[in-house]
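Reader: Please pick one part of this chain and go through it closely. I am a first-year student, so give me the cut-offs of the terms as you use them.

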Amino acid sequence: MIRCARLKKTYRMGDQEVRALDDVSLDIDGGEFVAIMGPSGSGKSTLLHVLGLLDTPDEGDYDLLGQNVARIPDAELAGIRGKALGFVFQQFNLLPRMTALENVGLPLIYLRYGAARAKPEEMLAEVGLSERREHRPNELSGGQQQRVAIARSLVNRPRIIFADEPTGNLDSKSQAEIMALFESLNARGITLVLVTHEEEIAARARRIIRMRDGKINSDERKDIRPATGPKIAEHEAGTLTASESRSRQAGRELWEHVRQAGRSLLANKIRTVLSVLGILIGVAAVIAMLALGRGAKESIEARLASMGSNLLVLRPGSARSRGVALEGGSSTRFTVDDAQEIRSLPDVRRVSPGISGRGQAVFASKNWNTQITGAVP
């Protein structure tokens with residue numbers, strides 16, 4: 001079931017290179033209950049992550065369920081994880097906004113099943129939490145949360161369950177309950193690979209692997225007899241069948257995503273209202289800017305149209321004398337004769353010469369210093 005040879009995994013921590021796995025070779029047969037032990041930094045969690053396809057080795061060969069998985073793409077690894085593997089973690093990793101039943105059924109979304117309630121309910125009943133299925137994680141004890149996590153790991157009918165310190169946050173009574181549950185799962189033929197620091201927890205396994213400095217120091221088999229008890233059925237052993245059409249699967253998946261999105265919005269009402277308000281203000285601002293821009297454009301077009309699209313204005317240029325720019329018209333001024341010459345050009349219809357400047361206008365006893373413009377009729 002699990003065959004790995006000369007696995008190597010290296011991490012860089014600053015300028016230092018840490019070899020988490022150093023030529024690890026390991027075989028685990030179907031139905032085994034294996035405990036991996038070792039001090040912190042010995043590589044046991046890294047080995048679990050590589051075996052569970054959560055990480056890939058730098059070197060070595062890894063055959064899982066008869067398939068070489070050491071070098072396949074991440075998308076295919078995710079498919080194998082979803083079909084044949086289950087995971088239980090020390091921190092439970094339950095979504096707080098969802099009930100126990102919804103947490104258990106969550107993996108089915110990613111497997112393109114529907115979010116059918118029958119299978120999650122079966123798994124909750126199997127771990128003894130049927131009456132708590134509508135409770136959220138903060139309404140459950142640590143042991144109950146871990147049992148929900150175990151039920152979640154079972155919902156895809158896995159061949160192998162990987163558990164990383166599953167009893168690390170539990171009291172002694174809850175630890176005993178969880179280990180009894182693991183033993184019952186192993187008796188059904190599910191392979192268990194468990195990482196732990198505690199000797200009394202490892203003693204419940206039938207095989208103990210001890211690691212240090214990225215190497216396997218010892219491999220002790222306490223009992224080589226196969227587990228007894230009812231075996232899992234073949235259809236429960238991680239085999240997925242395409243019982244539904246692609247369109248129906250896609251429809252179920254879309255509906256589940258919409259339902260989860262709605263639940264998330266309702267669970268965070270203030271954030272949802274503020275987000276919607278921000279979107280509305282942003283959209284209104286964009287519409288207002290577009291309207292102002294369009295209005296300004298139309299105004300300019302109207303002004304240009306009123307002037308005539310074929311209007312050309314000629315002004316005398318300014319000149320420079322020893323680097324000093326003179327005022328427009330200081331050097332050269334158009335005359336009436338210039339206007340007559342321009343009028344004689346073939347493409348010119350009309351010419352209207354004009355002059356402007358400042359002057360003093362006097363009327364009776366009043367006078368004004370003003371701008372004066374002169375033009376022909």
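Author: What follows is a close look at one part of the chain, with some notes on its surroundings and on another part for comparison. This is a predicted model, in which local features need pLDDT of at least 70, side-chain atom pairs count only at pLDDT 80 or more, and totals for chains, interfaces and linings use all residues. Residues are numbered from 1 along each chain as its sequence is written, and side-chain values use heavy atoms, with hydrogens and water left out.

The whole chain comes before the part. Its secondary structure comes to 10 helices and 14 strands, taken as DSSP runs numbered from the N terminus (helices H or I, at least four residues; strands E, at least two). There are 377 residues, and 35% of them count as buried (under 20% relative accessible area; exposed is over 50% and partly exposed is in between, with a 1.4 Å probe and protein chains only). Of the contacts (heavy atoms within 4.5 Å) between residues at least 6 apart in sequence, 65% join residues at least 24 apart.

The part to look at is strand 6, which covers residues 85-89. Four of the five residues in strand 6 are buried, so the strand is mostly covered. Strand 6 runs parallel to strand 7, and five bridges join the two (strands pair if DSSP finds at least two bridges between them). Strand 7 covers residues 160-164. At Leu85 in strand 6, the bridge partner in strand 7 is Ile160.

Now the rings. The structure holds two aromatic pairs (Phe, Tyr or Trp rings, the last by its six-membered ring, with centres within 6.5 Å; planes under 30 degrees apart are stacked, over 60 edge-to-face, the rest tilted). One of the pairs is Phe87 with Phe89, which is stacked, with 6.2 Å from centre to centre and 5° between the planes. Phe87 has a relative accessibility of 16%, so Phe87 counts as buried. Phe89 stands at 25% relative accessibility and therefore counts as partly exposed. Phe87 also pairs with Phe162: the centres are 5.9 Å apart and the planes lie at 25°, so this pair is stacked too. That pair links distant parts of the chain, since Phe87 is in strand 6, Phe162 is in strand 7, and 75 residues separate them. Phe162 is buried because its relative accessible area is 1%. Taken together, the ring pairs link Phe87, Phe89 and Phe162 into a cluster.

Two loops belong to the surroundings. After strand 6 comes the loop that leads to helix 3 (100-110), and Phe92 is found in that loop. Phe92 has phi near 70°, a positive value in a residue other than glycine. With 10% relative accessibility, Phe92 counts as buried. On the side of strand 7, Arg157 sits in the loop between helix 5 (142-154) and strand 7. Arg157 is another residue other than glycine with a positive phi, in this case near 55°. At 16% relative accessibility, Arg157 counts as buried.

Strand 4 is the part for comparison. Strand 4 covers residues 59-64, and its side chains alternate: Gly60, Tyr62 and Leu64 point to one face and are buried, whereas Glu59, Asp61 and Asp63 point to the other and are not buried. Strand 4 runs antiparallel to strand 1 (residues 2-13), with five bridges joining them. Ile2 stands opposite Leu64 of strand 4. Strand 4 is also joined to strand 5 (residues 67-68), by two bridges, and these two strands run antiparallel as well. The bridge partner of Asp63 in strand 5 is Asn68. Strand 4 and strand 5 form a hairpin that has two residues between its strands. Leu65, in the turn of that hairpin, has a positive phi of about 55°.

To return to the part you asked about: strand 6 is parallel to strand 7, and Phe87, Phe89 and Phe162 form a cluster through their ring pairs.
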